[in-house]
Amino acid sequence: MRLAWAAFVAALFLSFAAAAQATPAPSPTSTVAVAPLPAVQAPATAQPKFDVLKATNAYLATVKGQARANSDAYFEGGYFLILVDAIYALIVAGILLWTRTSAAIRNYAQSKTRSRFWQAPIYIIAYFVLTTVMTFPLTVYENFFREHAYGLSNQNFPQWFGEFAIDFGVSLLAITIIGTVIYAIIRATKQYWWLWGAGAMIVFLFIGSVVQPVFISPLTNHYYPLPESPIKEQILSLARSEGIPVTNVYEFDASKQSKRISANVSGAFGTTRISMTDNLLIRSTPREVKAVLGHEMGHYVLDHNAIGLTWIGLLFFVGFAFAAWGFRRLTAIFGGNWDVRTVDDPAGLPVLMALATIFFFFATPVQNTITRTLEQQADMFGVNAAREPDGFATAILKLSEYRKLDPSPWEEFIFYDHPSGRTRINTVMRWKAEHLNDPDIKAGPVSPQ
């Protein structure tokens, strides 16, 4: 067997050696024709190189002189007013607390009913009326005299005051309901009131976003269907293509208040509507109108109401936690002076409002970043949907009447709740640079260079 195994191994080795030495048979071949590819040539109609920065700067340069100075002065003045409003609100709260006016209102509510539930709305109504009166001089300056000084208002004082009274009535009703519910939550949930209170505020914000365009806005403006026209059909066609459930476009008479251009896509649960100011139609070209509506449709399609509510809701949770923490510390020190001891006492409302003022003052960059990010997303959606980069750029220039066009990066980060004019125009010019050879873009306006 050993001999047989040795013979087998030897034979196997010899067969491999023979195979290694054998010459392989040639494979069949065929001739392949080789020819150079034709050179790629640019289309004869291709546009020359497009400079995004040069186009952006050229657009911005069209707003100059006194118009640019007024734009910068108006918007920069708003930076100072944020601080003034905060200090004014703290002074009002301090007066109500240190003079024990707040405690007196609470005592009055207690004298009218023994129900703690109904004491809250009695106090809130009195508090809101009193604080509105105390802040009225600043309100008149900011919303009437200052607007007229910069040519942004079309109302005389009786017209302005009439709308102020309507807004006051709506706000009084809303704040009374919200405040009463919040105080009921405070009494029911004790130390965790801030958690449940913030949740309730988010619910109220959502309800307001649904109710406001349908029931509140028509209190100060008349809404009517836009007459049949090519631009209306273009808007509805764009809405259908993006899945927005509307069958009409509405116009409202904002020109009685100012000359600002604006539009929105609002509502939910069957109340969705497209609305635009008459100023937008009066002062804008069809391209600008389509570009603005593309942006507004972006907010709807991208669910910005829900996303914005989520982020602002998280901010409210932090704010309510800060208010709960601050209330405990302040009342531990000054509660005897104010006659306020517990958070479920309505007389402590000025303390909570002062803490909310402080929190949201320092959270200004956070709030603005949330809304500015959503606005930038809507800009990108709009230019992709409407395909009107130059129309959007010229529409943005009209907003310079009350928005500074070219701020520093820090200004934009802290104070801007929309992207600056430079950012927005640069965005659509960058988009245009990537679509220069698209037929509709080649046939459209030529951007300045």
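Here is a walk through this structure, from the whole chain down to single residues.

What you have in front of you is a predicted model. Its protein chain holds 17 helices and four strands. Of the chain's 449 residues, 42% count as buried. If you take the contacts in the chain with a separation of 6 or more, 77% of them are between residues 24 or more positions apart.

Let's start with helix H8, which runs over residues 230–241. Its 12 residues should span 16 Å at 1.5 Å a residue, and the C-alpha atoms at its ends are indeed 16 Å apart, so the two values agree. Which residues of H8 are buried? They are Ile-231, Lys-232, Ile-235, Leu-236, Leu-238 and Ala-239. Looking down the axis of H8, you find these buried residues within an arc of 160°, so they line one face of the helix. Turn to the face that points away from this buried side, and you meet the exposed residues Pro-230 and Ser-241. As for what covers the buried residues of H8, the list includes two strands, S2 (249–252) and S4 (273–277), along with helices H10 (286–301) and H13 (364–386). After H8 comes Gly-243, with a positive phi near 75°.

One of the buried residues of H8, Ile-235, turns up again in the largest nonpolar core. That core has 46 residues, and the ones that touch the most other members are Ile-235, Ile-274, Met-276, Leu-293, Met-297 and Met-429. Several elements each supply at least two residues of this core: helix H2 (52–60), H8, strand S3 (263–266), S4, H10, H13, helix H14 (389–398) and helix H16 (421–433). Another core, of 29 residues, lies apart from this one, and among its members are Leu-97, Ile-182, Tyr-183 and Leu-349.

Let's go back to Met-429 for a moment. What does Met-429 touch, leaving out residues up to four places away in sequence? Its contacts are Phe-50, Val-52, Ala-55, Thr-56, Tyr-59, Pro-389, Asp-390, Ala-393 and Ser-447. Some of these names come back in helix H2, whose buried residues are Val-52, Ala-55, Thr-56, Tyr-59 and Leu-60. They cover an arc of only 130° around the axis, which puts them on the same side of H2. There, the buried residues of H2 pack against H3, H14 and H16.

H13, one of the elements covering the buried residues of H8, is worth a look of its own. This helix has 23 residues and reaches 32 Å from its first C-alpha to its last, close to the 33 Å expected at 1.5 Å a residue. Arg-387 follows H13, and its phi is positive, near 55°.

That brings us to backbone angles. Most residues other than glycine have a negative phi, which gives some background for the next two stops. Arg-100 has a positive phi, near 60°, and sits in the loop between helix H3 (65–98) and helix H4 (101–112). Its relative accessibility is 37%, so Arg-100 counts as partly exposed. Asp-303 also has a positive phi, near 55°, and its place is the loop between H10 and H11. At 49% relative accessibility, Asp-303 counts as partly exposed too.

Now for two residues inside helices. Val-84 is found in helix H3. Is Val-84 buried or partly exposed? With a relative accessible area of 21%, Val-84 is partly exposed, because the cut-off for buried is under 20%. Along the sequence, Val-84 and Leu-138 are 54 residues apart, but in space their C-alpha atoms are 9.3 Å apart. Ala-332 belongs to helix H11, residues 304–338. Ala-332 is exposed, its relative accessible area being 63%. Its C-alpha atom is 9.5 Å from that of Thr-342, which is 10 residues away along the chain.

Last stop: the empty space inside. How many cavities of 30 Å³ or more are there? The count comes to one. The largest cavity contains about 50 Å³ of space. Its lining is made up of Ile-396, Leu-399, Ser-400, Arg-403, Lys-404, Leu-405, Pro-419, Ser-420, Gly-421 and Arg-424.

Conventions:
Residues numbered from 1 in each chain as written. Predicted model: local features only at pLDDT ≥ 70, side-chain atom pairs only at ≥ 80, totals over all residues. Heavy atoms only, no water. Expected span 1.5 Å × (residues − 1). Buried < 20%, exposed > 50% of the residue type's maximum accessible area, 1.4 Å probe, protein only. Arc of directions from axis to C-beta. Contact = heavy atoms within 4.5 Å. Core = buried A, V, L, I, M, F, W, Y, C linked by side-chain atoms within 4.5 Å. 1 Å grid on protein atoms, 1.4 Å probe; cavity = no way out; pocket = protein on both sides within 12 Å on 5 of 7 lines; lining within 4 Å. Points joined across faces, edges and corners; volume = space filled by probe spheres on them.
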